[in-house]
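User: Could you take a close look at one part of this model for me and then place it in the rest of the chain? I would like to begin with a pair of charged side chains.

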Amino acid sequence: MRMTVGAAAEAAGVSAKAVRLWEAKGLLPAAERTQAGYRVFTENDLDVLRFVRQAKTLGLHLDEIKEILDLQRGGEQPCGRVLALLDAHLADIDQRLRDLNRLRQSLSRARATATSARRHGQNAVVCQIIEAPSEGGRRPKDQGSACGRR
């Protein structure tokens, strides 16, 4: 079966723009083309397009996907490399989750500090929520009023 970029994109569940990008980045094998210069896609190309789409849903980047495809095309089994990439992505996600948790804790502390400061009439230049020190310490009381009210 031979098909155009639009038909191949639809069959693989991606956009024609993605197909063209992936071709330009070398993820698809050398193209067969019509006399008019249009790329002709085969069932094998569809398999690659579906693979790339699925790899992207796992968070792999195009350069990583190309590396995997190149290994496979070179006759190697890329599964070991895929596992290493997935492990690296999991570690990255774990770090981002830790960072987000620390940010959430900081925001919660800032919110609690601002609520308390407002209840106690503490002053701020613009807004106590942002001006309050992150750990301990107090602001001077002579710099305006809480949350921008003067």
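In which helix do Asp70 and Lys66 lie, and how many residues apart are they?

Analyst: Happy to! Both Asp70 and Lys66 sit in helix H4, with their positions four residues apart, or about one turn of the helix. Before going further, a word on the basis: this is a predicted model, where local features need pLDDT of at least 70 and side-chain atom pairs count only at pLDDT 80 or more, while totals for chains, interfaces and linings use all residues. Residues are numbered from 1 along each chain as its sequence is written, and side-chain values use heavy atoms, with hydrogens and water left out. Here pLDDT is the predictor's confidence in each residue, from 0 to 100, and helices (H or I, at least four residues) and strands (E, at least two) are DSSP runs numbered from the N terminus.

Back to the pair. Asp70 and Lys66 form a salt bridge, with 2.7 Å between the closest N and O atoms; the term stands for a side-chain nitrogen of Lys or Arg within 4 Å of a carboxyl oxygen of Asp or Glu. Asp70 also has a salt bridge to Arg73, where the closest N and O atoms are 4.0 Å apart. Arg73 belongs to helix H4 as well, three residues from Asp70, again about one turn. The spacing fits a general rule: an α-helix has 3.6 residues a turn, so residues three or four places apart point the same way.

How covered are these side chains? Buried means under 20% relative accessible area, exposed over 50%, and partly exposed in between (1.4 Å probe, protein chains only). Asp70 is partly exposed because its relative accessible area is 35%. Lys66, at 28%, is partly exposed too, and so is Arg73, at 36%.

H4 also takes part in the interior. The largest nonpolar core holds 23 residues, and Val19, Trp22, Leu49, Val52 and Ile65 have the most contacts inside it. Such a core is a set of buried Ala, Val, Leu, Ile, Met, Phe, Trp, Tyr and Cys residues joined through side-chain atoms within 4.5 Å. Helices H1 (5–12), H2 (16–24), H3 (43–57) and H4 (62–73) each give two or more residues to this core. H3 gives the most, with five residues. Val52 shows how the parts meet: leaving aside neighbours within four places in sequence, Val52 is in contact (heavy atoms within 4.5 Å) with Trp22, Leu27, Leu62, Ile65 and Leu69.

H2 has a clear inner side. Its residues Ala18, Val19 and Trp22 are buried. They lie on the same side of H2 because they cover an arc of only 100° around the axis, the arc being that of the directions from the helix axis to the C-beta atoms. H1, H3 and H4 are among what covers these buried residues, whereas the face of H2 turned away from them carries the exposed Lys17 and Ala24. After H2 comes Gly26, with a positive phi near 85°.

Elsewhere, the charged pairs continue. The salt-bridge count comes to 11 by the rule above. One of them joins the side chains of Arg2 and Glu32, at 2.1 Å from N to O. Arg2 is in the segment before H1 and Glu32 in strand E1 (residues 32–33), so this pair ties together parts 30 residues apart in sequence. Arg2 is exposed, at 54% relative accessibility, while Glu32 is partly exposed, at 39%. Glu23, Arg33, Arg39 and Asp45 are linked in a salt-bridge network.

His89, in helix H5 (residues 79–119), is buried because its relative accessible area is 13%. Beyond neighbours within four places in sequence, His89 is in contact with Gly59, Leu60, His61 and Glu64.

Stepping back, the protein has six helices and two strands, in the order α-α-β-β-α-α-α-α along the sequence. Of its 150 residues, 26% are buried. Some caution about confidence is in order: the mean pLDDT is 85, and 82% of residues reach 70 or more. Residues 139–150 have pLDDT below 50, and this stretch has 35 contacts in the model beyond near neighbours in sequence.
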